[in-house]
Amino acid sequence: MRILAVLLGLFLLLSILFDSFETMVLPRRIKRRLKLSLFIHNGLWRGWVTVARLLRSPGMREVYLSYFGPLLLLFMLASWAVGLIVSFALIQWGFSSPIIAPEKIATFETYLYMSGSTFFTLGLGDVKPATVFTRFLAVTEAGIGFGFLALIIGYVPVVYQAFSRREAQITLLDAHAGSPPHAIEWIHRQHNMQANEEEMGDVLHTWELWCADILESHLSYPALLHYRSQHERQSWLAALTTMLDICALLLVGLDEITIPTARFLFSIARHTAVDLAQIYHTSPRRSAYNRLSSEDFLRLGDALGSFNLTFRREDAEQQLSEMRKLYEPFVLGLADYLLIDIPSWLPGSHPVDDWQTSPWDHFAVWSQAKLEEITHLVIEHKRKLPYQR
């Protein structure tokens, strides 16, 4: 029994040290092994998402899901700490290490208390090691505990810095493509502002860098996939899907718009969607929901025609369908797994951006009509500027 306790303690100790080192220090690879953090995530997420599906209100469901990411991070760190304390207690108890304690006969609870006070370097002195080997284990645990707490202090800010970078770009998309964002809305607004191909290429290059940052940070810190956006009708997955939709339209070909860099953005955006789908084994899914039916494609063509744009190819619907097959199954798999709504291809009849809304808009001078008037003036001013291609 004591030997089994020592072996279990050593196994638990090495597993937690490797898992925490790979998570907090070593950049994560796409291929995942069976690890403690993966078991923690899968167990918590199954229960969490089961409750979320029972919530009928979308607002309540979104608020409830927004707690999972931060709580997962805290629970994972707490689980590592508790696991290390228990592993050292098992080793000490298994070796029957002599200790000085108020109890005449040291129990497992005594060793667990000494392990906890040593890990957190409390130094109370009521339970002390009595032999060289016991002191060696105590010093080792104190060193591991000190280093573990130091890593946590540096780990948490890095995660929130990555989250902040992600959200800043998503917030900028509100004025460019609406809330929720739509590819056709982005093209419409760029066309209305008479943005030339170079300007649109610069915008796409910015999103190319954003996708690369998402790929790197979310592979290293998978808990970020569960961090929900701070604004309603926005999410990192919706933004990624919109960028893929925009590139698909541009690569199929629109008259008067030629942006070769769209191919680069499409490549990194699809790479991001595919690799992030591999993290938690969210296999590609061909959902019964068709984001762009034949009727919707006709409406899409009419929407493009309303601002004097048409498809270059007669088989544009087939070509767009082939492009969508390259990324939509992965995006739909992630959306179903994370319970995130992804935008449709066509916006509503009167889309309202998040920046145009507030609880006081119906009573103040900056009402919706006033905001539309100001937006119209900005567009008219842009049209009067010299046009450069």
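Which helix holds Tyr113? In this predicted model, Tyr113 lies in helix α5, which spans residues 108–119.

**View 1. Overview of the predicted chain.** The chain has 389 residues, and 47% of them count as buried. Its secondary structure comprises 14 helices and 2 strands. Of the contacts between residues at least 6 apart in sequence, 78% join residues at least 24 apart. The exposed area of the chain is about 20500 Å², with 64% of it supplied by carbon and sulfur atoms.

**View 2. A nonpolar surface patch that includes Tyr113.** Tyr113, Phe120, Leu122, Leu124 and Leu149 make this patch of about 460 Å². Tyr113 has a relative accessible area of 33%, and because this value falls between the 20% and 50% limits, the residue is classed as partly exposed.

**View 3. The largest nonpolar core of the chain.** This core has 77 residues. The residues with the most contacts inside it are Trp210, Trp236, Leu300, Phe311, Leu320 and Trp345. Helix α9, residues 236–252, gives the most to this core, contributing 12 residues. In soluble globular proteins, nonpolar side chains tend to be buried together.

**View 4. A second core, apart from the largest one.** This other core has 23 residues, including Met76, Ala81, Leu137 and Leu224.

**View 5. Surroundings of Trp210.** Leaving aside residues up to four places away in sequence, Trp210 touches Arg165, Arg166, Gln169, Ile170, Trp236, Ala239 and Leu240. Among these partners, Trp236 is also one of the residues with the most contacts inside the largest core.

Technical notes: Residues numbered from 1 in each chain as written. Predicted model: local features only at pLDDT ≥ 70, side-chain atom pairs only at ≥ 80, totals over all residues. Heavy atoms only, no water. Patch = residues over 30% accessible without salt bridge, like charges linked within 9 Å, V, L, I, M, F, W, Y side chains within 5 Å. Areas by Shrake-Rupley, 256 points an atom, 1.4 Å probe, with all protein chains shown as cover. Salt bridge = Lys/Arg side-chain N within 4 Å of Asp/Glu carboxyl O. Helix = DSSP H or I, 4+ residues; strand = E, 2+ residues; numbered from the N terminus. Buried < 20%, exposed > 50% of the residue type's maximum accessible area, 1.4 Å probe, protein only. Core = buried A, V, L, I, M, F, W, Y, C linked by side-chain atoms within 4.5 Å. Contact = heavy atoms within 4.5 Å.
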